[in-house]
Amino acid sequence: MRNTLTGFLLCILASAGHADVTSRSGGPSESAMLVRNSDAAPDGMTFFRPVLSGVLYRAGFSGGDKNRTGMSTAQRVELCESGFETAFYADFGKNTEYGATSCGSSSLDYASARSSRPDAVMQAIYETIKAPSKGPVLVHCMWGVHASGALSAMALVQFCGWSEDRAKSYWDEARNGAPCANGCDSWIDAKFERFKLNSSLEITEAERAAICPK
């Protein structure tokens with residue numbers, strides 16, 4: 001497990017009781033999952049927060065990503081050096097160049113995702129859970145509010161046994177009042193209509209205890 005850490009990860013994870021972004025020690029606290037902004041977030045990003053300890057984090061861009069070009073090379077390298085191995089841009093990265101970014105002997109795989117088609121993200125999270133030496137997944141969207149939150153909420157249902165109602169409530173609270181086209185209830189309901197529990201992605205109680213929110 002890599003120990004190379006940057007200041008932004010040390011700061012935000014310290015509030016959740018974590019010493020290492022790749023650690024799995026009982027899951028993040030509610031306050032860590034809902035934190036609004038942090039001066040220690042990656043340069044140019046916001047709403048960086050843990051979802052599943054050592055496995056899944058979420059974020060967005062400060063001021064949005066109006067050109068839809070995704071994370072810069074510097075941001076990708078910073079994540080890679082911090083221990084991340086996978087990152088997804090949900091819904092908006094139509095002008096983004098995806099692929100692998102190297103950092104020394106490690107690399108970060110950057111791919112597109114859809115909040116209405118969560119299978120690829122759930123599979124990547126599952127593979128990370130099953131390989132404790134594998135670095136965590138980051139899922140981000142343009143603002144770090146809607147799409148990244150929807151995929152995070154689905155992961156909490158799939159891997160932590162949360163009910164859809166509880167997961168939707170988390171999504172709504174973490175939205176920090178951001179508006180939704182055609183209403184927020186209908187927005188998140190429409191996303192969950194395409195989500196189904198996948199029995200092939202079941203994890204053990206011990207794995208759940210190590211990563212799920214406290």
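So, M142: at 9% relative accessibility, this residue counts as buried, because the cut-off for buried is under 20%. Keep in mind that this is a predicted model. Where does M142 sit? M142 is in the loop between β6 and α5. If we leave aside residues up to four places away in sequence, M142 touches G60, F61, G64, D65, R68, Y89 and F92. There's also D91: M142 and D91 are 51 residues apart in sequence, yet C-alpha to C-alpha they are 8.1 Å apart in space.

Okay, let's step back to the whole chain. We've got eight helices and six strands. Going along the sequence, the pattern reads α-α-β-β-α-β-β-β-α-β-α-α-α-α. The protein chain has 214 residues, and 55% of them count as buried. On contacts: take the ones between residues at least 6 apart in sequence, and 68% of those join residues at least 24 apart.

Now the sheet. What's the strand order? It goes β1-β2-β6-β3-β5-β4, an open sheet of six strands with mixed pairing. β1 and β4 are the edge strands, each pairing on one side only. From one strand to the next, the twist averages 20 degrees. As a quick reminder, strands of a sheet pair through backbone hydrogen bonds, either parallel or antiparallel. Over at the β4 edge, β4 and β5 run antiparallel, with five bridges joining them. If you want one pair to look at, A100 has D109 in β5 as its bridge partner.

What lies across this sheet? Helix α4, residues 119–130, lies across β1, β2, β3, β5 and β6. Relative to β3, α4 runs at about 160 degrees.

Next up is α6, residues 164–174. Which of its residues are buried? Those are A167, K168, Y170, W171 and A174. They cover an arc of only 155 degrees around the axis, so they end up on the same side of α6. As for what covers them, the list includes α2, β1, β2, α5 and α7. And right after α6 comes N176, with a positive phi, near 55 degrees.

α5 deserves a bit more time. Two packed helices are described by the angle between their axes and the distance between the axes. For α5 and α6, that angle is about 150 degrees, and the axes are 9 Å apart. Anything over 145 degrees counts as roughly antiparallel, so that's what we call α5 relative to α6. From the α5 side, the contact is made by G149, A150, S152, A153, L156 and V157; from the α6 side, by E164, A167, Y170 and W171. You'll notice that A167, Y170 and W171 were on the buried list for α6 too. And the handedness? The crossing of α5 and α6 is right-handed.

Last helix for today: α3, residues 73–81. Here Q75, R76, L79 and C80 are buried. Why do we say they share a side? Because they cover an arc of only 135 degrees around the axis, and that puts them on the same side of α3. On the other side of α3, T73 and A74 are exposed. After α3 there's G83, where phi is positive again, near 115 degrees.

And that's it from me.

Technical notes:
Residues numbered from 1 in each chain as written. Predicted model: local features only at pLDDT ≥ 70, side-chain atom pairs only at ≥ 80, totals over all residues. Heavy atoms only, no water. Buried < 20%, exposed > 50% of the residue type's maximum accessible area, 1.4 Å probe, protein only. Helix = DSSP H or I, 4+ residues; strand = E, 2+ residues; numbered from the N terminus. Arc of directions from axis to C-beta. Contact = heavy atoms within 4.5 Å. Pairing = 2+ DSSP bridges. Axes fitted to C-alpha atoms, helices over the stretch in contact; angles between N-to-C directions. Parallel < 35°, antiparallel > 145°, perpendicular 65-115°, else oblique. Left-handed = near helix turned anticlockwise from the far one by under 90°.
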